[in-house]
Amino acid sequence: MDIQYIIDRAQGIILNPKEEWRKIKEEPASNADLLLYYVLPLVVMAVFTGFIGSWSLTIAVFQLISPFIGIVIAAYVINELAEKFNSTKSLNNAFKLVVYAATPSLLAAIVANLSFLLGWVSLFGLYGIYLFWVGISPMMDTPQDKRLGYVLASALVIVIIQIVLFTLIGPSMMWR
């Protein structure tokens, strides 16, 4: 795990997304590498700050597994939607798109979990929508005239995935 890589990538994707997406597309990172060396450290930090903010173990487990399930399912669905929007199917690029567009949400969770008073910081996660918007054309070779539809369809899928995950996993873990 390279903490400096995570810091540099997070800074790049947040401050200069257009340039960063071009770099990301050329990188040879596997889907497993993305999950293990980028998502996992950020999720673990969020879980750790959640313990500081006095969570229960069951909430921590939910917050540990739900981002992984959500990212994997979203990447597969976004890849499958590609051809409907005249885009190039590439599961690896779909993974990169979902993982790096989730950066603001992952970072916001680290801060917001410290205290319920910091919950408003989660709004920073909405910046991920912009990152997804900017990244979908270079990552999935989406034509400009198809970008809006692809982003809206992808956003709908991601929201539904999160609702289903919370409905299936959340209550059973939260109320134990």
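Modeller: A residue is called buried when its relative accessible area is under 20%, exposed when the value is over 50%, and partly exposed in between. The model discussed here is a predicted one.

Colleague: How does E20 fare by that rule, buried or exposed?

Modeller: E20 has a relative accessibility of 7%, so E20 counts as buried. K23, at 41%, counts as partly exposed.

Colleague: What joins the side chains of E20 and K23?

Modeller: A salt bridge is recognised when a side-chain nitrogen of Lys or Arg lies within 4 Å of a carboxyl oxygen of Asp or Glu. The side chains of E20 and K23 form such a bridge, with 3.7 Å from N to O. Both residues belong to helix α2 and stand three residues apart, about one turn of the helix. Through shared partners, salt bridges connect R9, E19, E20, K23 and E27 in one network.

Colleague: How many salt bridges does the whole structure hold?

Modeller: The search finds six. In one of them, E20 pairs with R9, and the closest N and O atoms are 2.6 Å apart. Because E20 lies in helix α2 (residues 17-26) and R9 in helix α1 (residues 3-15), this pair ties together parts that are eleven residues apart in sequence.

Colleague: Which other partner does R9 have, and where is that partner found?

Modeller: R9 also forms a salt bridge with E27, at 2.5 Å from N to O. This pair links R9 in helix α1 to E27 in the loop between α2 and α3, 18 residues away. R9 is buried, with 4% relative accessibility, whereas E27 is partly exposed at 24%.

Colleague: Which residues make the nonpolar surface patch?

Modeller: V44, F51, L57, V61, L64 and I65 make a nonpolar patch of about 470 Å². Helices α3 (31-52) and α4 (57-81) each supply at least two of its residues, and α4 gives the largest share, with four. One residue of the patch, L64, is found in α4 and is partly exposed, with a relative accessible area of 31%.

Colleague: What is the volume of the largest pocket, and which residues are closest to its centre?

Modeller: The volume of the largest pocket is about 1,100 Å³. Of the 39 lining residues, A102, S105, L106, I158 and Q162 are the closest to the centre. Elements that give two or more residues to the lining include α5 (91-101), α6 (103-112) and α8 (144-168). Helix α8 contributes the most to this lining, with nine residues.

Methods:
Residues numbered from 1 in each chain as written. Predicted model: local features only at pLDDT ≥ 70, side-chain atom pairs only at ≥ 80, totals over all residues. Heavy atoms only, no water. Patch = residues over 30% accessible without salt bridge, like charges linked within 9 Å, V, L, I, M, F, W, Y side chains within 5 Å. Areas by Shrake-Rupley, 256 points an atom, 1.4 Å probe, with all protein chains shown as cover. Buried < 20%, exposed > 50% of the residue type's maximum accessible area, 1.4 Å probe, protein only. 1 Å grid on protein atoms, 1.4 Å probe; cavity = no way out; pocket = protein on both sides within 12 Å on 5 of 7 lines; lining within 4 Å. Points joined across faces, edges and corners; volume = space filled by probe spheres on them.
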